[in-house]
Every structure is written in C-alpha cells, then in structure tokens.
Amino acid sequence: YISNVKYKCNRPMNFRLITSLLLAAVISAGCSRNDTSLRFYSEIKSVDKLILARMTISKMATIDDITLSEAKNLRQTADALINAVKIGDRVAVYSYDTYLRAYMDMSELQPGDITVNEDAHTVSVVLPAIKTEFEGRDLPIRENHYRVTGLRSRIDAKERAAIKEQMNESLKEEVRRNPAFQNHIKAEARRKAIAYFESLLSGEGYTADISFKSN
C-alpha cells in the first residue's frame, strides 16, 4: 500500500518535472532564436543607407551658330542671316557626366524581415526594395572640341551653362523613359547585396536566404 502510494505520487511529479524541463528548453530556444534575430536586425539596420552600385551616364552636345533652318522666330532668323555672311567657323563640342546609383534604405527593415532557424543554421532576410537616385553633384562639363575663327564670337560662360543644363535635363529624361538603365543597375545592386549579406552571415556560422521586397 505504501509502495502504491509512492508510485502514484512520484509519477505525476516526474511528469510535471519533465514537462517543466521541456517547457524551459522550448522557452530557452525561443528566446535564443528571438535574441539572434533581433541582434541581426539591429546590426543590419544600423547600416542605414547602403549604396550598392553606381553607373556613369554621359551626354554630348554641340554649340554652333544657328542656321536659317533652325530659326524659330524673327530674332533667330536675323541672327542666322548675320551668321551666314560672317567669316570663319564657330563650333564646340561638350560632354557631361551624371551618376545614377542604386541603394537600399535600411530604415525600412522590420524585425519580422529576419528569421533565424538555429536548428538548420539558416537566416532568412527580406531586404528593402532596391531604389535608384541621381547623385547630386554639380560637375563641370568637358570641352572635347573648340574652334572659333575669323569674325565669329567666342563661346561664353552663359552659353556653356545653358548647354550643361540642357544636357542634364535631357539625360535625366532619357533615363526616366528608358528602363534599361535602372534595370541594369538594380540587377547589379541585387547581386552585390546578396553577396554582401551571405558573406556577413556566413561569418556568424549561418547560411543566408536573401530576398527583396517589391517597389
């Protein structure tokens, strides 16, 4: 009878003890995974703005005297007539570079975008969408050719500033219309981002599964 009592009492106690140990193990594993996810989230988000790729785009333009066929008003027609009788040449060729870059705004990263699997030693990361922007630099234009002879007037700073502005606007409009520029630089940026984060996480002993949010 005493033996039976001991048996009845010990079995629930062992069961509760095992249950408690299993629960503690689950909680401990959950906390560990959660802590690892939050650590990776904090480290990756601290990058802030990650510049991944840069593309140089060039534009070329020519300055010369207006001709009668190009004249659009009376003033331009009068200038074209005077230019037609002047002696000499007046032509200059300029080129202008602008820079398109691809980046990720890491402030958009959310804690749920990073999932750690400690059993498989893998980390799933859903990165912010790749974005592009023109790099804001006021670079000078290059003078590739300059020929002013005879009675022709020299090309002044006002004309050079005007042609630079025209090239800049034309170039940006061309990039906006033609998706090939952005498609190319975004593809390069994705490739570099995957390589970067795979290397970063492999150094921590994890295999990375990298994907991107859509725009």
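Helices (H or I, at least four residues) and strands (E, at least two) are taken here as DSSP runs, numbered from the N terminus. The model is predicted, so local features need pLDDT of at least 70 and side-chain atom pairs count only at pLDDT 80 or more, while totals for chains, interfaces and linings use all residues. Residues are numbered from 1 along each chain as its sequence is written, and side-chain values use heavy atoms, with hydrogens and water left out.

On this basis the protein chain has four helices and seven strands. Read from the N terminus, these elements follow the order α-β-α-β-β-β-β-β-α-α-β. Of the 215 residues in the protein chain, 28% are buried, where buried means under 20% relative accessible area, exposed over 50% and partly exposed in between (1.4 Å probe, protein chains only). Contacts (heavy atoms within 4.5 Å) were also examined along the sequence. Among those between residues at least 6 apart in sequence, 85% join residues at least 24 apart.

Attention now turns to charge pairs. Side chains of opposite charge can pair when their charged atoms come close. A salt bridge is counted when a side-chain nitrogen of Lys or Arg lies within 4 Å of a carboxyl oxygen of Asp or Glu, and the structure holds 16 of them. One of these joins arginine 101 to glutamate 133, at 2.8 Å from N to O. Because arginine 101 belongs to strand 2 (residues 90–105) and glutamate 133 to strand 5 (residues 131–134), this pair ties together parts that are 32 residues apart in sequence.

Two further salt bridges lie within helices. In helix 4, glutamate 188 and lysine 192 meet at 3.9 Å (N to O); the two are four residues apart in that helix, so about one helical turn separates them. Both partners are partly exposed, glutamate 188 with a relative accessible area of 27% and lysine 192 with 36%. Elsewhere, salt bridges that share partners connect Lys49, Arg54, Arg101, Glu133 and Glu135 in one network. The other helical pair is that of arginine 176 and glutamate 173, whose closest N and O atoms are 3.5 Å apart. Both residues sit in helix 3 (residues 157–177), three residues apart, or about one turn of the helix. Glutamate 173 counts as partly exposed, at 33% relative accessibility.

Lysine 186, also found in helix 4, makes an interesting counterpoint. This lysine is buried yet has no salt bridge, and the nearest side chain of opposite charge, that of glutamate 108, is 11 Å away. For this purpose Lys and Arg count as positive and Asp and Glu as negative, with His and the chain ends not counted. Setting aside neighbours within four places in sequence, lysine 186 is in contact with Ile130, Thr132 and Asn215.

Finally, the interior was searched for cavities. On a 1 Å grid over the protein atoms alone, a cavity is a set of points where a 1.4 Å probe fits but cannot get out, and lining residues have an atom within 4 Å of a point. Grid points are joined across faces, edges and corners, and a volume is the space filled by probe spheres set on the points. The whole structure yields one cavity of 30 Å³ or more, and the largest cavity holds about 30 Å³ of space. Its lining consists of Phe40, Glu43, Ile44, Leu200, Leu201 and Glu204. Helix 1 (2–45) and helix 4 (179–202) are the elements that give two or more residues to this lining, with helix 1 giving the most, three residues. By class, the lining of the largest cavity divides into four nonpolar, no polar and two charged residues; Ala, Val, Leu, Ile, Met, Phe, Trp, Tyr, Cys and Pro count as nonpolar, Asp, Glu, Lys and Arg as charged, and the others, Gly among them, as polar.

Terms used:
1 Å grid on protein atoms, 1.4 Å probe; cavity = no way out; pocket = protein on both sides within 12 Å on 5 of 7 lines; lining within 4 Å.
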